[in-house]
There are 2 protein chains.
Amino acid sequence: MKKQEKTAITPTRVEDYPEWYQQVIKASDLAERSPVRGCMVIKPWGYALWENIMKILNDLFKATGVKNAYFPLFIPLSFLEKEAEHVEGFAKECAVVTHHRLEQVAGKKGLVPAGRLNEPLIVRPTSETIIGDSFSKWVDSYRDLPILINQWANVVRWEMRPRIFLRTSEFLWQEGHTAHATKAEAIERTNMMLDIYKTLSEEYLAIPVITGRKSPSERFPGAVDTLCIEAMMQDRKALQCGTSHFLGQNFAKASNILFQTAQETEAYAWTTSWGVSTRLIGGLIMTHGDDDGIILPPKISSAHVVLLPIIRNPDDKHSVMEYVKSLERELKEHSYGNRRIEVEVDTRDIGGARNWEWIKKGIPLRVEIGPKDIAQNAVYVGRRDKRPNEKISMKRNQLVSEIQDLLDQIQSNLFGRAMSFRKEHTVNIDDQKTFYDFFTPNSIEKPEIHGGFTQSHWCGSEKCESKIKEDLSVTIRCLPFMAEPEAGRCICCGEPSQRKVIFAKAY
Amino acid sequence: MKKQEKTAITPTRVEDYPEWYQQVIKASDLAERSPVRGCMVIKPWGYALWENIMKILNDLFKATGVKNAYFPLFIPLSFLEKEAEHVEGFAKECAVVTHHRLEQVAGKKGLVPAGRLNEPLIVRPTSETIIGDSFSKWVDSYRDLPILINQWANVVRWEMRPRIFLRTSEFLWQEGHTAHATKAEAIERTNMMLDIYKTLSEEYLAIPVITGRKSPSERFPGAVDTLCIEAMMQDRKALQCGTSHFLGQNFAKASNILFQTAQETEAYAWTTSWGVSTRLIGGLIMTHGDDDGIILPPKISSAHVVLLPIIRNPDDKHSVMEYVKSLERELKEHSYGNRRIEVEVDTRDIGGARNWEWIKKGIPLRVEIGPKDIAQNAVYVGRRDKRPNEKISMKRNQLVSEIQDLLDQIQSNLFGRAMSFRKEHTVNIDDQKTFYDFFTPNSIEKPEIHGGFTQSHWCGSEKCESKIKEDLSVTIRCLPFMAEPEAGRCICCGEPSQRKVIFAKAY
């Protein structure tokens, strides 16, 4: 066996964060690049994370009356054009279907596109316009409202510089779409869904998030208001983890979602849309990963525990495996969070590489079981949130009875760490020089490292926003809900400002 | 309220089967056409059926070691061309992406496709070639085999004559793909997955199926052997409900899935693929539906029971609703099949239309609850597999304690009916004249009605197969596994034949 390096991942986070990210994904077996530009292959260990996210959100959505449905992959170009800001927002990144068959052409090798469509079809980048068309048929009267729909789907937004999970041309997501009789109800729904995203992020993914509202220039194309959750990654950059949009009557007008009110007048519905995507898996990696690979929070992990039988003498095989199997059965009888405890058993005879593989895959608990442990009715337990060689001996019964506690400790430890990290790297800055220094890398060796998040005053002008973006590649992540109104002066122009906003570099 | 017709669906099955099918879908709120040619909108009541199918299959797949993953939506044209028969099979029905953005052109209204791709991308009609590419990277040695992967995805096969659920340009499906070190193991897997499809169809969907093998001309493009399950619809036509393909080494050669054997030689893997789609929902409708709408088998139904409070006097409202809510809670504590009992409560004040809506939606049990029933601690129960007005009074406790029994009775009644129907319309035919008469509509008024399935001898020649197809639009559905070898003479040419096959008209 090759001697294990000090860390399992090369380079480390400090050495080269972007490259560390790529290497962690490779080492964890979560996903890989595909031969199709910008598209990824999500491997079983990564897809299980997405399945768990689906399960959690389905339960949370359902409790608020949302039902799942499915709408077409293709959107006629004329539909996309119905909302002017919307089509402008997506025109630069559309996959366009123009033909519906392939044929042989004389003198040419291979097949060429044939059967040109009268109207090009766009592979959905998002589905407001096609779902709006259905809503317009489903609504006659106020009695038909609200309509509360969610769809699990793939969407395509052409990416020139793709990055697995964070920015891919095709990604998986859920998109919720609702229509309401009143503005107040639609706004309430927009907030409600943001709260669900916060719950998903903090309670399941152990990613602390700041909730807030986007500045006008960062809104979803066509929205009246975009709410978001923003998290800090370990390179101190922000990752937008989910958005919830209040669309006003813009899309209702574009799609003609008209209804008869209780007063027998006609009115346009008020709509919302909201989504999270496989990008969240990128967020998981960058929030919790260390220099040995990913660390999966137990509530979302593909499996909770791996049993690693240690059989040096073939004579021990039978008794060790019997012990392992009965332990597996017992552990599987317990639940954690919203599902049964998932146990992997790895019997491969590949030496220490086996242990390191599970570390790199981020499984919360590794349990080694050899003849000596069995003799004492004990097992040897490694927690992924501790150092790789920091393992403790536990009585078998103790492991079984305390497994939920152990997993809870890991879950809250991960959340606590991430919260401390964010607090440590979030500062109030009130003068321009400090602000510019904060976002300027402080050494040539570590060009990616900068200060983190600032809470600074902003006058509200797009001019200041774009100057900061141009000078520093720093954007307003959100106008945070937690911030109290407070008089001050804009960090850029010095004009009066009523509140602080969050500035950061972002993915 | 409009007086209810004798049947809720017009036309009836006998009057016009294809139109009955469209009307049943409309009345049941399962799905609707979309403005995108050939694509459907699957509404919540229909999508829940698909979610239940996903849940059932995920459990069955997982028990055999299959894991879920996700692969790109797009397939480069050159990949599709790697297997000659394969590309030929799909070339006529491909959605082709040729551009990656939209732009304004001087003098033209609206946007036009721009950013032409160097190589066209095909929206996946199936994923053998793109998944094969991943497999080729995942396999080095025989120790890496088998690979057992499934993906839940949307696929596109351009349809000129679309029909909701049965033939749509976009549909949802699962596609399993496996790679093995030996031919025998791949064949075993092909059979194993067909068995799972039979279990899904018969035990959950209550659709009896014939298992068998396709004739060479009906094989999946590129397959060595295609196994299938075939069901009889109520117009006596066949519906292919699922297929499992043994691909030999064809796709392994095309995708270069090479591995080192235990003997240290190099060999191509043996692969399989297998799938079922939203077409199954069309099968459900056509197997069980009657002239009042669909009938959902309890094991797959979106919900099991609807509670219909009857409140003629507003003073009764509080007590009736209390009673209904407590009954709802009690019922939900029970499970049926692999999930909790799902209860709908419909409090709308729309008269008899409410009852008929649930009949048309096919919910297994309707429970009416009024003050008089409550006084006797009783409820009034209608089973969807009985006549609409054949309702019985039951004690409330009896309903709660016997709900699983009731659902089981409905489930097996539906299966039994469908099995009887198939048996009734499946005959052995040994002479050509009887065969031709059997498939010729017997009256001008009912041009769709013909005999059903025949078990007849076939010599094995493609010539006879295509003559019958041309003359009668009848195809060989399968060479059934249940048929014993038996000497006879081909129904078409009279030459010797070793076995009977199933002939039928088909969807």
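**Close-up 1. Helix H2(A) passes helix H6(A) in a right-handed crossing.** In this predicted model, the axes of H2 (residues 44–62) and H6 (residues 183–204) of chain A come within 11 Å and cross at roughly 140 degrees. That angle makes H2(A) oblique to H6(A), because only angles over 145 degrees count as roughly antiparallel. The side of H2(A) in this contact consists of Ile56(A), Leu57(A) and Leu60(A), which meet Ile196(A), Thr199(A), Leu200(A) and Tyr204(A) of H6(A). Sorted by class, the residues of this helix contact comprise 6 nonpolar and 1 polar, with no charged residues.

**Close-up 2. Chain A and chain B meet in a contact that takes 48 residues from chain B and 48 residues from chain A.** On the side of chain B that touches chain A, strand S5(B), residues 96–104, gives the most, with 8 residues. That side of chain B has 30 nonpolar residues, together with 8 polar and 10 charged ones. Strand S5 (residues 96–104) of chain A is joined to S5(B) by 3 bridges, and these two strands run antiparallel. Within this pairing, Val97(A) has Val97(B) in S5(B) as its bridge partner.

**Close-up 3. An open sheet of 5 strands in chain B has mixed pairing and follows the order S18-S15-S19-S20-S21.** Strands S18 (343–345) and S21 (391–395) of chain B stand at the edges of the sheet, and each has a single partner strand, so that one side of each is left without a neighbour in the sheet. On average, and with direction ignored, neighbouring strands of this sheet are turned by 30 degrees against each other. Helix H9 (residues 317–332) of chain B packs on the sheet, where this helix touches S15 (305–309), S18 and S19 (365–369) of chain B. The direction of H9(B) makes about 170 degrees with that of S15(B).

**Close-up 4. Strands S20(B) and S21(B) pair in the antiparallel sense.** The pairing between S20 (residues 378–383) of chain B and the edge strand S21(B) extends over 5 bridges. Along this pair, Tyr380(B) stands opposite Ser393(B), which belongs to S21(B).

**Close-up 5. The domain assignment of chain A gives domain 1, domain 2 and domain 3.** In that assignment, domain 1 spans 17–288, domain 2 spans 305–422 and domain 3 spans 426–504. Between domain 2 of chain A and domain 3 of chain A, the C-alpha centres lie 45 Å apart.

Technical notes
Residues are numbered from 1 along each chain as its sequence is written. Chains are lettered from A and ligands numbered from 1 in the order in which they are written. This is a predicted model: local features need pLDDT of at least 70, side-chain atom pairs count only at pLDDT 80 or more; totals for chains, interfaces and linings use all residues. Two residues are in contact if their C-beta atoms, placed from the backbone, lie within 7 Å. Helices (H or I, at least four residues) and strands (E, at least two) are DSSP runs, numbered from the N terminus. Ala, Val, Leu, Ile, Met, Phe, Trp, Tyr, Cys and Pro count as nonpolar, Asp, Glu, Lys and Arg as charged, and the others, Gly among them, as polar. Two strands pair if DSSP finds at least two bridges between them. Domain bounds come from an automatic or database domain assignment. Axes are lines fitted to C-alpha atoms, for helices over the stretch in contact, and angles run from 0 to 180 degrees between N-to-C directions. Angles under 35 degrees count as roughly parallel, over 145 as roughly antiparallel, 65 to 115 as roughly perpendicular and the rest as oblique. A crossing is left-handed if the near helix is turned anticlockwise from the far one by less than a right angle, and right-handed if clockwise.
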